[in-house]
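Please look over the sequence and the structure below. The report that follows goes through selected parts under short headings.

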Amino acid sequence: MAELTLDGVTKWFDDGGDRIVAVDDADVEIEDGEFLVLVGPSGCGKSTTLRMVAGLETVSQGDIRLGDHSITDEPPTTRDIAMVFQSYALYPHMTVRENMSFGLEESTDMPDDEIRSRVAETAEMMGIADLLDRKPRELSGGQQQRVALGRAIVRDPEVFLMDEPLSNLDAKLRAQMRTELQRIQEDLDVTTMYVTHDQTEAMTMGDRIAILDDGRLQQVGTPLECYHEPANQFVAGFIGEPSMNFLDVELAGGSLVGDAFEYPLSEETLADLEGHDSLVVGIRPEDIELDGAADASHSYPTTVDVVEPMGNENNVYLTFDDDASAQTVVVTVSGMRKVDAGQQVAARIPEEAIHVFDRETGRALHNRTLDRAEVTEPNV
Ligand code: ATP
């Protein structure tokens, strides 16, 4: 097992004289046995990062280390790394057993009977022992995915790299494989870098998540740190479903002033905003209260536009303003709570739950107030 370090890793492609920077100066240390999820929108450089670690793509600048050993210039075959692809990439003409044995036969001098017993053991663990003699075309998508994972596991590598391995599965199977993969990774204790564009996968699977946008790492932290203490507006909007609400505001006379409301701030919050006037206030849908009195502090009368019942909760859409620049705000409340379109409600935005961003740079100037223990403890 080993720690995986990306040190100033940069990748550019030459595109007819133009330089496309796919990954820009990425620094991440993935601890021994850690599950790190690299997440971001399409085209942000996730796969390129993973492919550089695997050795399938050259590094333009920077260094990649396993432990204290640089692997930057090593060919993929000598890196002790196993990769699982979205497409599974199984050999169609080989049986499951042959697919799983192939890597060990090619890259090690392990005796045949040991390979056989390792394949059998891994197949048992992945629940595919009865499929060993089938060809990939005789398997369902979920079964093929198990074989692809089994083929990586059987090699007992120092690092697993996984590129959207669950995205071809249906929603239910994906949720099931998510927990199964987490359990397997925890049992095997192998350093893992997992790429996805799905923030739910990132939040639920990662020990830590690294959020990438336009080739640049935006934040690396535990899921709860990224959720509650986003480094910037991009992270705040990307993590969480429904997304955080954002309203453009100006700082004037100790208050945040928007098109339709004025939001007085405490001295503590104001101190964080010093020197910045043009701002964005952010509030998570679950932090807005609909039960308060209209005259309570930070409470605003508004009308319900639409209610989306999700079963466990309702997404309630409100319009904060009735002029042309109206901004919609989404609030999540319990699914048992009865709310109807057209209903008048008082929406309270508690000051301890707001985030404030610089409108130009997106940097978080003020994040919600949290007890540190709440963020660092798992299972909060
Ligand atoms: P997706 O989630 O859609 O797979 P991604 O985050 O994995 O996206 P990458 O595939 O790493 O993104 O691509 C990052 C950027 O690099 C994109 O702008 C892409 O067009 C560009 N890119 C990737 N490979 C090449 C290449 N071989 N030549 C030129 N540009 C490339």
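## Helix 1 and its end

Gly55 comes right after helix 1 and has a positive phi, near 90 degrees. This description rests on a predicted model. Helix 1 covers residues 46-54, and seven of its nine residues are buried. The buried ones are Lys46, Thr48, Thr49, Leu50, Met52, Val53 and Ala54. An α-helix has 3.6 residues a turn, so residues three or four places apart point the same way.

## The protein as a whole

The protein has 380 residues, and 48% of them count as buried. Its secondary structure consists of ten helices and 20 strands. The C-alpha trace spans about 75 × 45 × 45 Å along its principal axes.

The exposed area of the protein is about 17900 Å², of which carbon and sulfur atoms supply 45%. Among contacts with a separation of 6 or more, 67% are between residues 24 or more positions apart.

## Charges and the negative patch

The protein carries 29 positive and 75 negative charges, and the mean positions of the two sets are 8 Å apart. Which residues gather in a patch of negative charge on the surface? They are Glu3, Asp25, Asp27, Glu29, Glu31, Asp32, Glu186, Asp189 and Asp207. Strand 2, residues 18-30, gives the most to this patch, with three residues.

Asp189, one of the patch residues, is placed in the loop between helix 5 (171-188) and strand 8 (191-196). Asp189 has a relative accessible area of 42%, so it is partly exposed, as the value falls between 20% and 50%.

## Salt bridges

Side chains of opposite charge can pair when their charged atoms come close. The structure holds twelve salt bridges. One of them joins Arg208 and Glu34, with 2.4 Å between the closest N and O atoms. Arg208 is in strand 9 (residues 208-213) and Glu34 is in the loop between strand 2 and strand 3 (35-39), so the pair links distant parts of the chain, 174 residues apart. Glu34 is buried because its relative accessible area is 6%, under the 20% cut-off.

A salt bridge also forms between the side chains of Asp133 and Arg97, at 3.0 Å from N to O. Asp133 lies in the loop between helix 3 (112-125) and helix 4 (141-153), while Arg97 lies in helix 2 (residues 96-107), so this pair ties together parts that are 36 residues apart in sequence. Is Asp133 buried or exposed? Asp133 is exposed, because its relative accessible area of 57% is over 50%. Another group, a network of salt bridges, links Asp7, Asp63 and Arg65.

## Arg368 and its surroundings

Arg368 forms a salt bridge with Asp287, and their closest N and O atoms are 2.7 Å apart. Arg368 is in the loop between strand 20 (364-366) and helix 10 (372-376), and Asp287 is in the loop between strand 14 and strand 15, so the pair ties together parts that are 81 residues apart in sequence. Both Arg368 and Asp287 are buried.

Arg368 is also touched by His228, which has further contacts with His355, Asn367 and Leu370, leaving out residues up to four places away in sequence. His228 is found in helix 7, residues 223-228. With 17% relative accessibility, His228 counts as buried, because the value is under 20%.

## Pro285

The loop between strand 14 (278-283) and strand 15 (299-309) contains Pro285. Pro285 has 1% relative accessibility and therefore counts as buried. Which residues does Pro285 touch, not counting residues up to four places away in sequence? They are Pro242, Ser243, Met244, Asn245, Val330, Val331 and Thr332. Pro285 and Thr332 are 47 residues apart along the chain, yet 5.2 Å separates their C-alpha atoms.

## Gln199

Gln199 lies in helix 6, residues 199-205. Its relative accessible area is 13%, so Gln199 is buried. Beyond residues up to four places away in sequence, Gln199 touches Val39, Phe238, Ile239, Gly240 and Glu241. Gln199 and Pro41 are 158 residues apart in sequence, and their C-alpha atoms are 9.4 Å apart in space.

How values were computed
Residues are numbered from 1 along each chain as its sequence is written. This is a predicted model: local features need pLDDT of at least 70, side-chain atom pairs count only at pLDDT 80 or more; totals for chains, interfaces and linings use all residues. Side-chain values use heavy atoms; hydrogens and water are left out. Patches are made of residues with over 30% relative accessible area and no salt bridge: like charges are joined within 9 Å, nonpolar side chains (Val, Leu, Ile, Met, Phe, Trp, Tyr) within 5 Å. Accessible areas come from the Shrake-Rupley method with a 1.4 Å probe; for residues, only the protein chains shown count as cover. A salt bridge is a side-chain nitrogen of Lys or Arg within 4 Å of a carboxyl oxygen of Asp or Glu. Lys and Arg count as positive and Asp and Glu as negative; His and the chain ends are not counted. The place of a charge is taken as NZ of Lys, CZ of Arg, CG of Asp or CD of Glu. Helices (H or I, at least four residues) and strands (E, at least two) are DSSP runs, numbered from the N terminus. Buried means under 20% relative accessible area, exposed over 50%, partly exposed in between (1.4 Å probe, protein chains only). Contact means heavy atoms within 4.5 Å.
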